[in-house]
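I opened this model to look up one helix and one sheet. My entries follow.

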Amino acid sequence: MQKVTTKAIAKVAAVATSLAMAMSVVGALPVHAASLTQSQVQSILSLLSSFGADSATIANVQAALTGQPSTSGSTSGSTSGSSMSSCSFTMDLHTGSTGSDVTCLQKALMAAGYNIPALTAGGSYGYFGTETKTAVMAWQKAAGVSPASGYFGPISRAHWNLGGGSTGGTTTGGSTGGTTVTGNGLKVSLSPTSPNGSVLVQGQGIGDLGDFVFSNPTSAPINVTGLTFNRIGVSNDSTMTNVYLYNSGTRITDSAGVSSGQFSWTDSNGLFTVPAGGTYTVSVRSDIAQSTSGQQIGVSLVSVSSTGTLDSSVSFPINSGYQTISAANLATVQYGSNITPSSTTISPQNDFPVWQDTISVSTNPVKLSSMRFTNLGSIDGSYLTNLRLYVDGTQVGSAIPSMSNTQTVTFDLSSNPVLLSTQSHTIKVLANITGGASRTIQFSVQRTSDAMFVDNQLNQPVTPQNSTGGTAGSMNAGTITINSVSGSTGVSVSRDAGSPTQQVAVGATNVDWADFDMLASGENVKVSDLYVYANTSVHHGGLNNGKIMVNGVQVGSTKAIGEG
């Protein structure tokens with residue numbers, strides 16, 4: 001006896017064979033922690049950069065200041081494993097990139113065992129080709145960077161600059177692919193990829209002011225329950241109109257206000273969790289007010305509260321670099337006036353567009369880096385599954401299995417953002433609705449900070465507008481009410497969109513004849529009897545070895561077609 005649940009659609013196929021799917025499990029690379037105060041190290045590195053020092057020189061100085069081996073004098077393929085943490089990347093790297101950043105990346109990959117055949121054969125370093133991309137993809141899979149696309153962007157840099165050979169301390173995850181974090185308590189430092197000397201634009205959205213790394217050497221997770229920051233630099237409190245914490249492309253807090261130069265977040269349940277033996281990076285991002293050109297702004301972390309003790313090496317304040325605000329013509333991203341679907345009533349079904357809008361991009365192209373959607377309806381989030389984001393009819397990023405327990409779903413594309421040209425683009429979210437009779441669904445982009453569109457020329461996020469040109473508020477679809485399924489069984493049956501329609505050759509074996517979707521609403525339903533008949537002009541004796549497969553698994557015995 002088989003069960004059809006309300007939380008999954010069972011696909012029933014009259015077939016002779018089933019398919020199997022596999023998933024790979026990835027780990028993470030080791031982690032280093034700097035031995036000096038990050039603000040001191042950053043100041044020295046910034047001074048070197050201002051005098052035009054190349055990235056290799058900066059990398060070696062950084063290695064010396066943080067107690068790591070220098071890469072000076074190393075030859076092709078002989079760079080030590082710990083030099084992985086001394087590469088100081090200044091830009092995204094991808095196919096076609098050249099320069100010292102690429103050279104450092106290639107040498108560290110080779111030293112870590114990620115072979116690049118052309119370089120092994122004596123080729124020249126410094127060009128990012130297809131073989132380097134393959135090596136980067138292999139490293140990303142091992143480091144747990146998703147998607148492992150071979151694009152070496154902000155997420156990869158954040159993982160990489162914390163990577164390197166083991167320096168002792170607590171190790172978790174085994175001898176390979178594990179995470180090494182040293183210390184006697186929760187460590188906090190400025191991220192090597194934290195912006196310093198970047199140029200923000202007045203009127204922009206969610207500008208990155210500082211990135212901070214939390215490292216946990218203990219054997220138990222640590223919840224960070226409170227963070228307090230000071231505003232630093234030649235700026236005003238009103239310059240920062242809304243301040244948020246992000247983890248990569250995902251917003252993890254609501255906005256904080258700045259008062260007397262200070263802002264903070266607290267949550268007794270934890271703002272975020274630093275895994276045992278692992279790290280967690282947060283970015284302080286703020287909307288930048290208009291008419292602020294010429295100001296300099298940064299942030300200073302002055303206190304941390306958590307469920308664990310702080311490492312003895314942690315010293316406050318931990319200062320970010322200073323970012324300068326300029327005046328420039330940012331790209332414009334404008335939502336449409338007709339977000340769909342409209343309010344309606346539907347039955348549970350697959351591939352339903354729960355949010356769709358046509359946005360307009362002007363002035364400069366933008367990169368879509370992330371979008372977060374909130375369900376304002378009453379349906380249990382477990383009934384919304386297989387959520388996918390589409391741009392102009394093409395899926396972008398990975399499918400999300402289900403809504404979070406906060407009724408939100410975030411599509412983080414920051415490692416491989418989608419370029420949107422200066423024209424109109426259709427963005428939609430599809431979901432499988434598997435139950436929730438009499439409940440409602442209403443998807444919304446709640447805040448301007450929930451959609452990160454980055455100006456492709458100025459490399460800064462923009463503040464999206466509504467259809468009339470004002471700052472976008474909640475961009476809501478209509479309210480969808482879920483019907484109950486009629487009939488005594490409580491199960492709806494429909495032909496699957498992928499059910500075969502092609503011709504079948506005489507004598508063919510393992511033929512998939514038809515696929516059907518069965519969906520239960522309300523309570524789970526047990527199916528005790530299932531009958532499938534052939535509607536054909538071929539004599540039933542010509543159709544043999546009939547099988548019923550449910551989600552790829554045969555149920556019941558093999559029978560001749562027509563026996564039921």
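I began with the buried residues of H5 (buried is under 20% relative accessible area, exposed over 50%, partly exposed in between, with a 1.4 Å probe and protein chains only): Thr-132, Ala-135, Val-136, Trp-139, Gln-140 and Ala-143. Seen down the axis of H5, these residues fall within an arc of 140°, so they line one face of the helix. The arc is taken from the directions from the helix axis to the C-beta atoms. On the other side of H5, I found Thr-130 and Thr-134 exposed.

The model is predicted: local features need pLDDT of at least 70, side-chain atom pairs count only at pLDDT 80 or more, and totals for chains, interfaces and linings use all residues. Residues are numbered from 1 along each chain as its sequence is written, and side-chain values use heavy atoms, without hydrogens and water.

Next I looked up what covers the buried residues of H5; helix H3 (100-111) and helix H6 (154-160) are included. Helices (H or I, at least four residues) and strands (E, at least two) are DSSP runs, numbered from the N terminus. After H5 comes Gly-144, with a positive phi near 80°.

I then turned to the sheet. Five strands form an open sheet, antiparallel in pairing, in the order S17-S19-S25-S21-S22; two strands pair if DSSP finds at least two bridges between them. Strand S17 (332-334) and strand S22 (394-402) are the edge strands, each pairing on one side only.

Last, I checked S21 (residues 384-391), which pairs with S22 in the antiparallel sense over five bridges. Leu-389 stands opposite Val-396 in S22.

Conventions: Contact means heavy atoms within 4.5 Å.
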